[in-house]
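Reader: I am new to this structure and should like to learn on what grounds its parts are described. Please explain each term as it arises.

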Amino acid sequence: MQATSPPNPVPTGALSHLKVLDLSRVLAGPWCTQMLADLGADVVKVERPGVGDDTRHWGPPFLQDARGHDTAHASYFTACNRNKRSITIDIAKPEGQALIRQMALQSDILVENFKVGGLAHYGLDYASLKALNPRLIYCSITGFGQTGPYAERAGYDLMVQAMSGMMSITGRADGEPGGGPQRAGVAITDVFTGIYATSAILAAVEMRHRTGQGQHIDMALLDVGMAILANQAAGFLNTGQVPQRMGNAHPSLVPYQDFPTADGAMLLAVGNDGQFARFSAAAGHPEWAQDPRFGTNSERVAHRSTLIPLMSEVTQERTTAEWIALLEHRAVPCGPINTLDEAFADAQVQARGLVQKQVLAPVATAQTAIENIATMASPLRLADAPVQLRHAPPALGEHTEAVLAELGLDAAAIAALRAAQVV
């Protein structure tokens with residue numbers, strides 16, 4: 001008789017064995033802890049009583065109630081706080097500090113983004129908590145890191161985009177209409193810092209398997225802002241040449257930019273000579289690929305000012321959709337420049353299920369008058385441990401009683417903390 005294999009277990013998150021104490025706010029830290037939460041970690045977000053994370057109030061835009069009216073709750077908070085539980089604790093009070101220590105004893109990871117030395121005043125710095133829990137992985141996220149002349153400065157994404165040189169290479173050239181340094185449309189150094197922090201934390205978890213010890217992780221927005229300069233930094237470091245703003249053009253590839261069309265604009269991203277030859281043939285100018293000025297990418301870069309106007313005249317002869325249809329089956333990268341509504345209406349975006357709607361718990365709806373929240377789906381696609389939506393972005397303090405009960409506090413003790421305005 002052939003043995004039958006047991007049924008497949010219900011999939012759980014890849015990090016469902018980890019507990020995370022989240023003392024961070026705004027974007028970089030919460031982005032990190034949301035990634036850990038999406039992967040299954042139990043993330044408890046500690047917020048200030050009555051106020052909460054700053055981004056709860058960064059609006060408009062505001063979340064809407066069931067009747068379509070704006071509430072007082074900003075949509076910003078929902079971008080990086082799903083799958084977490086929220087508890088309110090006043091860490092300025094000794095009783096609040098004691099609660100954080102209890103939670104740290106039961107946690108694998110702590111993430112914070114206070115100013116350098118800020119938590120030492122409360123006895124909640126790495127050295128203090130390591131003495132209680134040597135296995136604790138403690139990630140500090142600051143603007144400029146734990147060392148150096150700027151260590152004690154507050155750091156914000158916009159400031160770092162400017163200081164790192166990112167803004168100097170973003171935007172149109174000075175001589176063009178609208179020329180001048182520009183920030184990216186999202187807080188990219190905050191987001192990338194959250195992603196780098198997640199990678200560092202997972203590396204520390206892996207190291208703990210071998211050593212049994214946690215460690216301190218020092219993440220700085222400026223460090224990350226410089227790191228993500230990528231090829232632009234590599235070019236400067238190895239040639240001494242300072243890159244300049246080029247709008248949507250690429251310093252090392254041609255044609256790799258926006259072009260006008262009969263009804264707007266499109267993006268061409270030609271990455272090799274074969275693609276350029278196929279584009280030239282499709283555009284009715286096969287001679288371009290044979291022209292010694294344009295035959296290779298290096299020559300096209302050298303003769304950019306000649307080639308781009310020639311191409312711009314031709315691209316205006318068709319609509320964006322016509323160019324996409326013409327070039328798609330010729331394997332020439334070409335696409336629209338979408339607004340957000342157009343991007344979310346895109347067939348591929350919809351097919352991948354990139355928008356998720358989460359229904360709020362009754363207690364959260366009672367507090368906020370909001371019934372559901374739309375968030376972006378996680379791009380992390382693990383076949384055997386898929387991301388699961390367990391918690392909608394929480395209402396302020398939504399899980400305070402539950403988390404305190406897990407610490408062993410009874411209803412009377414919790415009521416006393418509330419009366420003392422500790423939670």
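Reader: Which exposed residues does the face of H11 turned away from its buried side carry?

Author: That face carries Ser305 and Glu313. A residue is buried under 20% relative accessible area, exposed over 50% and partly exposed in between, with a 1.4 Å probe and protein chains only. The model is a predicted one, in which local features need pLDDT of at least 70 and side-chain atom pairs count only at pLDDT 80 or more, while totals for chains, interfaces and linings use all residues. Residues are numbered from 1 along each chain as its sequence is written, and side-chain values use heavy atoms, without hydrogens and water.

Reader: What makes the buried residues of H11 line one face of the helix?

Author: The buried residues are Arg304, Leu307, Ile308, Met311, Ser312, Val314 and Thr315. Viewed down the axis of H11, they fall within an arc of 160°, so they line one face. The arc is taken from the directions that lead from the helix axis to the C-beta atoms. An α-helix has 3.6 residues a turn, so residues three or four places apart point the same way.

Reader: What covers the buried residues of H11?

Author: The cover includes strands E9 (256–261) and E10 (264–269), together with helices H8 (273–282), H9 (287–290), H10 (297–302) and H12 (320–328). Helices (H or I, at least four residues) and strands (E, at least two) are DSSP runs numbered from the N terminus.

Reader: Why is the span of H5 said to agree with its 24 residues?

Author: The expected span of a helix is 1.5 Å times one less than its number of residues. For H5 this rule gives 34 Å, and the end C-alpha atoms are 34 Å apart, so the two agree. Helix H11 (304–315), with twelve residues, reaches 16 Å from its first C-alpha to its last, close to the 16 Å expected. Just after H5, Gly212 takes a positive phi of about 75°.

Reader: Why does Thr198 count as buried?

Author: Its relative accessibility is 3%, under the limit for buried, and therefore Thr198 counts as buried. Thr198 is found in helix H5 (188–211). Contact means heavy atoms within 4.5 Å; neighbours within four places in sequence left aside, Thr198 is in contact with Cys32, Met35 and Leu36. The buried residues of H5 pack against several elements, among them helix H1 (28–38) and strand E8 (216–220).

Reader: Why does Asp258 count as buried?

Author: A value of 17% is also under the limit, so Asp258 is buried. This residue, in strand E9, touches Arg172, Asn248, Met266, Leu267 and Ile337, leaving aside neighbours within four places in sequence. The C-alpha atoms of Asp258 and Ser312 are 9.3 Å apart, with their positions 54 residues apart along the chain.

Reader: How do you know that Lys19 forms a salt bridge with Asp42?

Author: A salt bridge is a side-chain nitrogen of Lys or Arg within 4 Å of a carboxyl oxygen of Asp or Glu. The closest N and O atoms of Lys19 and Asp42 are 3.3 Å apart, so the pair meets the definition. Lys19 lies in strand E1 (19–23) and Asp42 in strand E2 (42–47), so the bridge ties together parts 23 residues apart in sequence. Arg85 also meets Asp42 in a salt bridge, at 3.1 Å from N to O. That pair links strand E5 (84–88) with E2, 43 residues apart. Lys19, Asp42, Arg85 and Glu406 are linked in a network of salt bridges, and the count of salt bridges comes to 14.

Reader: Why is Asp174 called exposed?

Author: Its relative accessible area is 62%, over the limit for exposed, and the name follows. Arg245 has 13% and is therefore buried. The two side chains meet in a salt bridge of 2.3 Å, N to O.

Reader: What makes Tyr150 partly exposed?

Author: Its relative accessible area is 33%, which lies between the two limits, so Tyr150 is partly exposed. Met159, in helix H4 (157–163), is partly exposed at 34%. Tyr150, Tyr156, Met159 and Met163 form a nonpolar patch on the surface, with about 390 Å² of accessible area together.

Conventions: Patches are made of residues with over 30% relative accessible area and no salt bridge: like charges are joined within 9 Å, nonpolar side chains (Val, Leu, Ile, Met, Phe, Trp, Tyr) within 5 Å. Accessible areas come from the Shrake-Rupley method with a 1.4 Å probe; for residues, only the protein chains shown count as cover.
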